[in-house]
Amino acid sequence: MAAANNVPTGVDKEQIFGMAEKEMEYRVELFNKLTNTCFNKCVEKKYKESELNMGENSCIDRCVSKYWQVNSLIGQLLGSGRPPM
Amino acid sequence: MASNSASETSSNDSSALKEPEKPQSQTLRLPTAEEIQGQEIWNNCAVRSVFSGVVGGGFGIFMGLLLGAMDNPIMQDQMTGKQQFIHTAKQMGQRSWHSAKAFAVMGLVFSAAECVVEKARAKHDTTNTVIAGCVTGGTMSARGGPKAACAGCAGFAAFSVVIEKILESHS
């Protein structure tokens, strides 16, 4: 495997680049959705001060951890190829 | 100064085609680990409550000095001026120590309660202030029995809400 990886052909390189691009797009979209969801959920629309207060901090912590857990769980379920529940 | 501004305007006119100079947009700078740690220290409930307790103690010292100074106009002919001064100073000291303790405990309990409640609810409301005020008032007047505790709870909660509204409207 290592020997094959050392001399990639032109098609393999493109494939690898394509996959890396897709992965990057997926990650960026995940991050953007995560920040939008948790921002809309946790931060009040009326801005009273510039810093995050403690309630918002703990809300964001919880929101991000839940989102990440659910996301990875769903990814595992979809990736394992089992029939949907 | 004048020559600098003249050279700036001439270069602006030549490069920007008479557009107003746009400010340079800076790349997003994420906070470093030390900055995050520094902010996280302030989010810690224990640190916040200790800090509030210290501030309350300072305020109590000040209030005690004030009230102790105004308290006893000792007009005894038997004590000389110096003895009057020492007596008044002792009075002020006692008063300020007593009131410093009271205010420090009040500040500590209020801040700790508000911090814990806000972290648990994950919301920034006036409900946090009400609950923290009730807890503080209740513990401070717990010696008088349950009725006094209820009265202290309600009273201190109302007081802290008023103070919060005043602070909000000012800053």
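This is a short tour of a predicted model, with stops at the interface of chains A and B, the nonpolar cores and the salt bridges.

**Stop 1: the interface**

Start by showing chains A and B in separate colours. Ten residues on the chain B side are in contact with nine on the chain A side. Together the two chains bury about 830 Å², and carbon and sulfur atoms account for 51% of that. Now select B:Asn43, B:Ala122 and B:His124: this trio supplies 51% of the area that chain B buries against chain A, more than any other three residues.

Next, pick out helix H4 of chain B, residues 81-121. With four residues, H4 gives the most to the side of chain B that touches chain A. That side is made up of five charged, three nonpolar and two polar residues. What about salt bridges between chain B and chain A? The count is zero. Polar contacts are there to look for, though: five residue pairs across the interface, with both partners at pLDDT 80 or more.

**Stop 2: the nonpolar cores**

Keep B:Ala122 on screen and add A:Leu34, A:Cys38, A:Cys42, A:Cys59 and A:Cys63. You are now looking at the largest nonpolar core, six residues in all. Colour two helices of chain A, H2 (10-42) and H3 (54-79), since each of them supplies at least two residues of this core. Which gives the most? That is H2 of chain A, with three residues.

Zoom in on A:Cys42. Setting aside neighbours within four places in sequence, A:Cys42 is in contact with A:Glu56, A:Cys59, A:Ile60 and A:Cys63.

Then move over to a second, separate core of five residues; among them are B:Met106, B:Phe110, B:Ala113 and B:Ala132.

**Stop 3: the salt bridges**

Over all chains, the whole structure has four salt bridges. Here are three to click on.

- Select A:Lys33 and A:Glu29, whose closest N and O atoms are 3.5 Å apart. Both sit in helix H2 of chain A, four residues apart, about one turn of the helix. A:Lys33 is partly exposed at 45% relative accessible area, and A:Glu29 is partly exposed too, at 46%.
- Go to B:Arg29 and B:Glu35, which meet at 3.6 Å, N to O. B:Arg29 counts as exposed, at 61% relative accessibility, whereas B:Glu35 is partly exposed at 33%.
- Finish with B:Arg121 and B:Asp125, where the N to O distance is 3.2 Å. B:Arg121 is partly exposed, with 32% relative accessibility, and B:Asp125 is also partly exposed, at 32%.

Note on methods. Residues numbered from 1 in each chain as written. Chains lettered and ligands numbered in written order. Predicted model: local features only at pLDDT ≥ 70, side-chain atom pairs only at ≥ 80, totals over all residues. Heavy atoms only, no water. Contact = heavy atoms within 4.5 Å. Buried area = accessible area lost by both parts, 1.4 Å probe. Salt bridge = Lys/Arg side-chain N within 4 Å of Asp/Glu carboxyl O. Polar contact = N/O pair within 3.5 Å; in protein donor to acceptor, adjacent residues only side chain to side chain. Nonpolar A, V, L, I, M, F, W, Y, C, P; charged D, E, K, R; others polar. Core = buried A, V, L, I, M, F, W, Y, C linked by side-chain atoms within 4.5 Å. Buried < 20%, exposed > 50% of the residue type's maximum accessible area, 1.4 Å probe, protein only.
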